[in-house]
There are 2 protein chains.
Amino acid sequence: MTELMSTRITVKKIAEICGISQPVVSAVLNRGKSASNIRFSQETADRVMAVAQENGYRPNRVAQNFHSQKHQSIGVLIHEAGNIAPDAFRNLLRVSSSEKQLICFESIQPDQKELPLFLRKDCVDGVLLFEQLDPQIHEAIQKIKLPAVSINARPTSQMHHVVFDEVDAIKQAVALFDRGGCDRYILTRTFANPQHYSTHERVSTLRWLAHERGLPDPHIVDMDLVLTGTPEQKMAVLDELLELLRKPGKVGLIDTGKFTTLSLIQTIHQSGRNVPTDLMHLYLGNDPTNDYSWPSITRLTVDMPRVIKESVHDLQRLINGQKPVGPPMISYQLFEGQSTKL
Amino acid sequence: MTELMSTRITVKKIAEICGISQPVVSAVLNRGKSASNIRFSQETADRVMAVAQENGYRPNRVAQNFHSQKHQSIGVLIHEAGNIAPDAFRNLLRVSSSEKQLICFESIQPDQKELPLFLRKDCVDGVLLFEQLDPQIHEAIQKIKLPAVSINARPTSQMHHVVFDEVDAIKQAVALFDRGGCDRYILTRTFANPQHYSTHERVSTLRWLAHERGLPDPHIVDMDLVLTGTPEQKMAVLDELLELLRKPGKVGLIDTGKFTTLSLIQTIHQSGRNVPTDLMHLYLGNDPTNDYSWPSITRLTVDMPRVIKESVHDLQRLINGQKPVGPPMISYQLFEGQSTKL
């Protein structure tokens, strides 16, 4: 230990400066907070408080937590690849700030064999899980009986969850397309993880609604290679999309891709088709980039402040041994922009 | 407390199940980790370990930390508005995962009067500060002598910092524009915070380089209203930009806006100017959306994995009372795409 560290003020240091014993300093600092039979004069108390304040002394959470056996912190577990929507992140920090609670994040690395730190060590009072995580993680949480809330992953009976209403989202999109007279549908997507419940629900609902209207089977375009492929692979995907866009008929396009809206718009420009007269473009998701497009893109977005507030609230209830009260399914809200407005 | 909580296994519970005293259980669980003169049979040890494993017992960090008086966690302080670049976030989680260290995040709310929790309570071993924060926060960190590293904010002599080489970035951009024969420059920006050192450095360097070449003064377009304005205000900003783009001469466009590239591309399309023959488009920043554009946008990007790795490493050195060793300035790297390649 060098100078840099030893300059940080401790109870011991305050005791040295004041020339009194450590228990007396502790008794002064904890006055009114915990019972103590140590007596001291007002003069001593004033001197201790002055030295503490001057040197920026702060109560130590480690010591306080040792008594309560709680961490006063929650953990957020996320997938390395999927990351977390910026508005979810922002709202998590906002809620934890107003609740005066520490919030820790951990991501599962692609090659990780060990359980997350949150589960290996008793270091958080509860966890929020984002997106689909390995079943082993769910099992470990069950075993150690850690309070947990899962967000936007396939619901299981073992864990409290909050999911987004994908079926209703596709219905809202198709209602818009009906109004605009679209006679064929395209859905673009990325991270086309067949395990993720939303992928399946979105596609099967769109198929069913197309069938119901006597329209052709929707085209599902996987855009993952636009993110991760070679230049040739990127071009191949976008050429396929370009060809689909140029076919006759009015297109209803549901864009569920992450990071791919820019390429999609470039391809629409290239196709020469007019938005919204030839093609209605609707973005389904929570990427803030698309919120700021101008001309504006119609979007279906989850009320993330609400999702986060209710999930954190329910996690706190679980930590305190109470039952969760928040709704398990949240709807998407439609914000109509110029890309579908006729 | 209800059933939900009391089912979590503790040393006390294990002792009850095994019918032995708590100190013996602790001695078994901490065997090889801490010195103890409590003796126990192999049979007892086996029984304790079996019960512990069966019930998902985990060592309690609160208890462990109480002995070391460290939290084994670092805090990341960010600005509510500015948020944090997704690749910075991802790399922070990656590094903390490989270092088996907890990482907590806290954002400063716009109306916040109190100091951040990280500074009010002794709950993290050190902090990373992202972007420009209130001088009061710097003062508080000084006062409590909390190890800290500042990232991408105006350097101060009081705190170890990592900044990005903005002057060199603009020089790299102009070298490309020279090669392409650009005879006027436009720079778009958002969050045009005059307090942020990068805003000033970028603009003054571009002015100076234009002057040096005998070119007209660059046009600086503030795009903030595209993010936050009314539809009329958005249109006014983009109309101004459209007019600038349509003027004769070959444009070198530096796009430093956050979330505004999509609108910018829509405006370029509208202007009818050809990229890169009439206009060279270069993005300066770390927004991942732009990495995935196709046709690809030339970009100048900071090596974020390196920035994060070295900042965390230096913070750990400071926590351990050592001097930081990482370079205080990191250069932008050029990735040339189709938007400037002739």
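**Exercise 1.** In this predicted model, which residue follows helix 2 of chain A, and what is the sign of its phi?

*Solution.* Go to the end of helix 2, which spans residues 11-18 of chain A. The residue that follows is Gly19(A). Its phi is positive, near 70 degrees.

**Exercise 2.** Find the buried residues of helix 2 of chain A. Then work out where on the helix they sit.

*Solution.* Step one: apply the cut-off, under 20% relative accessible area. Four names come out: Val11(A), Ile14(A), Ala15(A) and Cys18(A).
Step two: take their arc around the axis. They cover only 100 degrees, so they lie on the same side of helix 2 of chain A.
Step three: recall the helix geometry. An α-helix has 3.6 residues a turn, so residues three or four places apart point the same way.
Step four: look for the partners. The buried residues of helix 2 pack against helix 3 (22-29) and helix 4 (42-54) of chain A.

**Exercise 3.** State the domain assignment of chain A, and give the separation of the centres of domain 1 and domain 3 of chain A.

*Solution.* Domain 1 covers 3-59. Domain 2 is written as 71-164 + 306-330. Domain 3 covers 166-302. Over C-alpha atoms, the centres of domains 1 and 3 of chain A are 64 Å apart.

**Exercise 4.** What operation superposes chain B on chain A?

*Solution.* Rotate by 180 degrees, with 0.0 Å of shift along the axis; the RMSD is 0.3 Å. That is the relation of a two-fold axis. The same surface serves both copies, as 99% of the contact residues of chain B recur in chain A. Within chain B, Cys104(B) comes closest to the rotation axis, its C-alpha lying at 2.0 Å.

Notes
Residues are numbered from 1 along each chain as its sequence is written. Chains are lettered from A and ligands numbered from 1 in the order in which they are written. This is a predicted model: local features need pLDDT of at least 70, side-chain atom pairs count only at pLDDT 80 or more; totals for chains, interfaces and linings use all residues. Side-chain values use heavy atoms; hydrogens and water are left out. Copies are superposed by least squares on the C-alpha atoms of residues with pLDDT of at least 70 in both. Contact means heavy atoms within 4.5 Å. Domain bounds come from an automatic or database domain assignment. Buried means under 20% relative accessible area, exposed over 50%, partly exposed in between (1.4 Å probe, protein chains only). Helices (H or I, at least four residues) and strands (E, at least two) are DSSP runs, numbered from the N terminus. The arc is that of the directions from the helix axis to the C-beta atoms.
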